[in-house]
Amino acid sequence: MASSQPSISKNIIVSGGARGIGRALARYFLEAGHRVYIFDISEEELTYTTKTHLKKCYEDGKVNSAVCDLRNVKEIRAKVSEAAKFFDNSIDVLVNNASIASPYWKDGKTMEDADTFDEWKAYIDTNLTSAFAMSQACIPFMKFRQSDADDGAHRIHGAGPCIIHIGSFRAHTSDPNQEGYAASKAGQLGLMQAMSISLGHLGIRTNLVAPGRIKVAHECKEGDEKGQDWAGQVSEKDVDDHPTNRAGRPKDIADACLYLIEAGFVNGVGVLDIFVCVKLTSPQARYNRRWRSAEEEELDRFLGASRYACGRATEIWDRFYGHKESCWHVSEP
Ligand SMILES: NC(=O)c1ccc[n+]([C@@H]2O[C@H](COP(=O)([O-])OP(=O)(O)OC[C@H]3O[C@@H](n4cnc5c(N)ncnc54)[C@H](O)[C@@H]3O)[C@@H](O)[C@H]2O)c1
């Protein structure tokens, strides 16, 4: 465990944290000194993660978990109440990470196949509706206390509570036969933006982290038992696909979340779209790339022509390109 502890330990719910990115998020949050409550549908994997993988933290009362089907809103509400009890009725951070994470229709189907309609509903329910329902259930335990509102303390101290949706670069860049996944992830962007506007007055910030390709097959019970690690999964293609010259690590997503948790003036953005410009190789992706290039040129002309436009750069870059380094530029109007 890391020795440097944050000045204030936060109470964090991670959905879909039994395996994959969610498991890594839980572990890194604990290492950073926070307390964590994990939701997942997979009982065996969740028990292993909580009581074996995170054994020490479990024994110290820093982590707990609940089996929850995130497509069932009643279950969500009941389990969020349980988590709130574990956290003494105060939730600081919700990370909506759970998803059907495989982007393609099953068994090589296309949307011409009528059977994909049920899969469509599963994507939307699991990836998008659950993020709304989880957020809704957590809000009463997240918003600032009236006493803090009365004396303005919520505007002065700390970063305040926040909700982070784990999206995907697929919101912007689909390959063929990914309509359900891509639409659910694009929906998360709209949800994030709307929530940031609606919840701001409660002191709750909402942001989104959109991973690129992150190697996570080792983040599970079987991976631990077989002694698998991140490096063992990385192929040359994973390196070639990313201009960072390496494949994505689960820690990259944790770093982004830890930044957002403490970034008290960041609200309503997917600035940390960290797919860092996955290079596009499929015919469809090359077509998309051409379209984006035209937009890009237009935007460059617009920004070049107008100093005033600089103040809006983050929003515009984010909307169209998400991944652009320009998101990080702080420009004066
Ligand atoms: N790994 C990547 O390359 C990548 C890329 C882009 C985006 N993402 C996003 O990151 C997040 C995590 O992805 P991952 O690769 O770790 O996926 P994963 O499949 O390894 O983990 C997803 C977790 O969500 C849980 N889950 C699924 N349906 C659920 C339900 N109905 N109720 C409760 N829990 C449920 C699963 O049991 C699992 O533990 C997802 O939102 C995914 O879309 C991942």
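Biologist: Which helix gives the most to the shell around the ligand?

Modeller: In this predicted model, helix 1, which covers residues 20-31, gives the most to that shell, with 3 residues. Of the 25 residues around the ligand, those that come nearest are Gly16, Gly20, Ile41, Ser99 and Ala101.

Biologist: What makes a residue one of those around the ligand, and how does the shell divide by class?

Modeller: A residue counts as near a molecule if its C-beta atom, placed from the backbone, lies within 6 Å of it. By class, the shell around the ligand holds 12 nonpolar, 8 polar and 5 charged residues.

Biologist: Before we go further into the helices, how many helices and strands does the protein have, and what share of its residues count as buried?

Modeller: The secondary structure comes to 13 helices and 6 strands, and of the 333 residues of the protein, 42% count as buried. Among contacts between residues at least 6 apart in sequence, 72% join residues at least 24 apart.

Biologist: Why are helix 1 and helix 11 called oblique to each other?

Modeller: The axes of helix 1 and helix 11, the latter made of residues 250-262, come within 9 Å and cross at roughly 55°. Angles under 35 degrees count as roughly parallel, and 65 to 115 as roughly perpendicular, and helix 1 and helix 11 are therefore oblique to each other. Their crossing is right-handed. On the side of helix 1 the contact is made by Ile21, Ala24, Leu25 and Tyr28, and on the side of helix 11 by Pro250, Lys251, Ile253, Ala254 and Cys257. Divided by class, this contact has 8 nonpolar, no polar and 1 charged residues.

Biologist: Why, then, are helix 5 and helix 8 described as roughly parallel?

Modeller: Helix 5 and helix 8, the latter being residues 179-199, pack at an angle of about 20°, with their axes 8 Å apart. Since angles under 35 degrees count as roughly parallel, helix 5 and helix 8 are therefore roughly parallel to each other. Helix 5 passes helix 8 in a right-handed crossing. Among the residues that meet are Trp120, Tyr123 and Phe132 in helix 5, and Tyr181, Leu191 and Met195 in helix 8. The contact of helix 5 with helix 8 has 9 nonpolar, 6 polar and 2 charged residues.

Biologist: How do helix 4 and helix 5 cross, and at what angle?

Modeller: The axes of helix 4 and helix 5 come within 9 Å and cross at roughly 35°, and the crossing is right-handed. Helix 4 brings Val73, Ile76, Arg77, Val80 and Ala84 to the contact, while helix 5 brings Ala133, Met134, Ala137, Cys138 and Phe141. Those residues divide into 9 nonpolar, no polar and 1 charged.

Biologist: Val80 of helix 4 is part of that contact; how do you know whether Val80 is buried or exposed?

Modeller: A residue is buried if 20 or more other C-beta atoms lie within 10 Å of its own, and Val80 has 26 of them within 10 Å, so Val80 is buried. Leaving out residues up to four places away in sequence, Val80 touches Ala137 and Cys138. The C-alpha atoms of Val80 and Ala66, which are 14 residues apart along the chain, are separated by 9.0 Å.

Biologist: What makes Phe86, which is also found in helix 4, count as partly exposed?

Modeller: A residue is buried at 20 or more such neighbours and exposed at 12 or fewer, with partly exposed in between; Phe86 has 18 other C-beta atoms within 10 Å, so Phe86 is partly exposed. Not counting neighbours within four places in sequence, Phe86 is in contact with Tyr37 and Asn64. The C-alpha atoms of Phe86 and Val63, 23 residues apart along the chain, are separated by 9.0 Å.

Biologist: Where does Asp88 lie, and why does Asp88 count as exposed?

Modeller: Asp88 lies in the loop between helix 4 and strand 4. The cut-off for an exposed residue is 12 or fewer neighbours, and Asp88 has 10 C-beta neighbours inside 10 Å, so Asp88 counts as exposed. Asp88 also has a positive phi of about 55°, although it is not a glycine.

Biologist: And what makes Asp107 count as exposed?

Modeller: Asp107 has 7 C-beta neighbours inside 10 Å and therefore counts as exposed under the cut-off of 12 or fewer. Asp107 is found in the loop between strand 4 and helix 5, and its phi is near 55°, a positive value in a residue other than glycine.

Terms used:
Residues are numbered from 1 along each chain as its sequence is written. This is a predicted model: local features need pLDDT of at least 70, side-chain atom pairs count only at pLDDT 80 or more; totals for chains, interfaces and linings use all residues. Helices (H or I, at least four residues) and strands (E, at least two) are DSSP runs, numbered from the N terminus. Ala, Val, Leu, Ile, Met, Phe, Trp, Tyr, Cys and Pro count as nonpolar, Asp, Glu, Lys and Arg as charged, and the others, Gly among them, as polar. Two residues are in contact if their C-beta atoms, placed from the backbone, lie within 7 Å. Axes are lines fitted to C-alpha atoms, for helices over the stretch in contact, and angles run from 0 to 180 degrees between N-to-C directions. Angles under 35 degrees count as roughly parallel, over 145 as roughly antiparallel, 65 to 115 as roughly perpendicular and the rest as oblique. A crossing is left-handed if the near helix is turned anticlockwise from the far one by less than a right angle, and right-handed if clockwise.
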